[in-house]
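Colleague: I would like to go through this model with you, one question at a time. Could you explain each term as we meet it?

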Amino acid sequence: MNPTVWLIGAGPGDPELLTLKAVKALGRADVVLVDDLVNPQVLEYCPQARVVRVGKRGGCRSTPQEFIQRLMLRYARQGLRVARLKGGDPCIFGRGGEEAQWLGEHGVSCEIVNGITAGLAAATSSGIPLTQRGLAQGVTLITAHSQDGATPDWSGLARSGTTLVVYMGVAKVQDMSSQLLAAGMAPDTPVAMIERASLPGQRLCPSTLESMACDAQAFRLRSPAILVIGQVAACRMFGVQDEAPPGQAPQRRQA
Ligand code: SAH
């Protein structure tokens, strides 16, 4: 039988958001290749495994993608059970598709274990429903940062009528705001910028399309953060401000 590699989503940070399937796979792995954004607490589920850190943070020194892929292949061909652990979901801005394809071309099959992507967790843990009747009928997940420097079609996105959930957007807040305003999106469109979603120290910066750049700067917004743009960003599902849903620590909210 061909060797198999698990591509596992570790979720946004809170280890309790890991799936049971992820926990089981981690418990069976011999070697685990771990990305930067994975909360180290998740590694408690694989005490038996050799852990190899292969971080790739934007703008920092990182392990080349080619090297990571070859490492997975080498371990798999040695007959080891290999788990590749990524933040959020492996197939949402996580190169899961590329890696699965590359492994397939080299005779190694993959099992992809979904994780909760940061955009979903950031919204929910801030009391924001990404769709809500009368406010948004859909959601668009986008990255503000692409490897080839291509920019998103901001005017198409402005007209989409969907909630925009932006990944890797911290350095692009000003540009995003200008482009969406130029495309005709209302200046008072609500925006929520959520840093370290589901982790201790999660922060929420509520804003609007026209003031998001100033607000992000004053707030000292840092990566990792998710930006939610659209009418739903003004919703708070929890009745009382500063009241967290059952089982979660209260978040620090800043105006
Ligand atoms: N595969 C991941 C995304 C990786 S891209 C997923 O599905 O979530 C990295 C980006 O994800 C970061 O720049 C940030 O925009 C977002 N991100 C990841 N973890 C986050 C967190 N805990 N809080 C806020 N944003 C997060």
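Colleague: Which residues are exposed on the other side of helix 6, away from its buried residues?

Modeller: This is a predicted model, in which local features need pLDDT of at least 70 and side-chain atom pairs count only at pLDDT 80 or more, while totals for chains, interfaces and linings use all residues. Residues are numbered from 1 along each chain as its sequence is written, and side-chain values use heavy atoms, with hydrogens and water left out. Buried means under 20% relative accessible area, exposed over 50%, and partly exposed in between, with a 1.4 Å probe and protein chains only; helices (H or I, at least four residues) and strands (E, at least two) are DSSP runs numbered from the N terminus. On the other side of helix 6, the exposed residues are Q174 and A182.

Colleague: Within what arc do the buried residues of helix 6 fall?

Modeller: Helix 6 covers residues 173-182, and its buried residues are V173, M176, S177 and L180. The arc is taken from the directions from the helix axis to the C-beta atoms. Seen down that axis, the buried residues of helix 6 line one face, because they fall within an arc of 95°.

Colleague: Why does C91 form no disulfide with C110?

Modeller: A disulfide is a covalent bond between the sulfur atoms of two cysteines, and here it is counted when two cysteine sulfur atoms lie within 2.5 Å. The structure holds 0 disulfides. C91 is partly exposed at 41% relative accessibility, and C110 is partly exposed as well, at 28%. The closest cysteine sulfur to that of C91 is in C110, and it is too far for a bond, because the distance is 8.9 Å.

Colleague: To which backbone oxygen does the side chain of S125 reach?

Modeller: S125 is found in helix 4, residues 118-125, and counts as buried at 5% relative accessibility. A polar contact is a pair of N or O atoms within 3.5 Å; within protein, one must be able to donate a hydrogen and the other to accept it, and residues adjacent in sequence count only if both atoms are side-chain atoms. One such contact, of 3.0 Å, joins the side chains of S125 and Q202. At 2.7 Å, the side chain of S125 also reaches the backbone oxygen of A121.

Colleague: How far is an oxygen atom of the ligand from an N or O atom in the side chain of T117?

Modeller: Among the 18 residues around the ligand, counted when a heavy atom lies within 4 Å, those that come nearest are I92, T117, A118, A197 and A225. The backbone takes part too, since a polar backbone atom of P12 is 2.9 Å from a ligand nitrogen, and a backbone N or O atom of M168 lies 2.9 Å from a ligand oxygen. For the side chain of T117, the distance from an N or O atom to an oxygen atom of the ligand is 2.6 Å.

Colleague: What is omega, roughly, for the cis peptide bond between S223 and P224?

Modeller: Most peptide bonds are trans, and most residues other than glycine have a negative phi. P224 sits in the loop between helix 7 (212-219) and strand 10 (225-229). The bond that joins S223 and P224 is cis, with an omega of about 5°.
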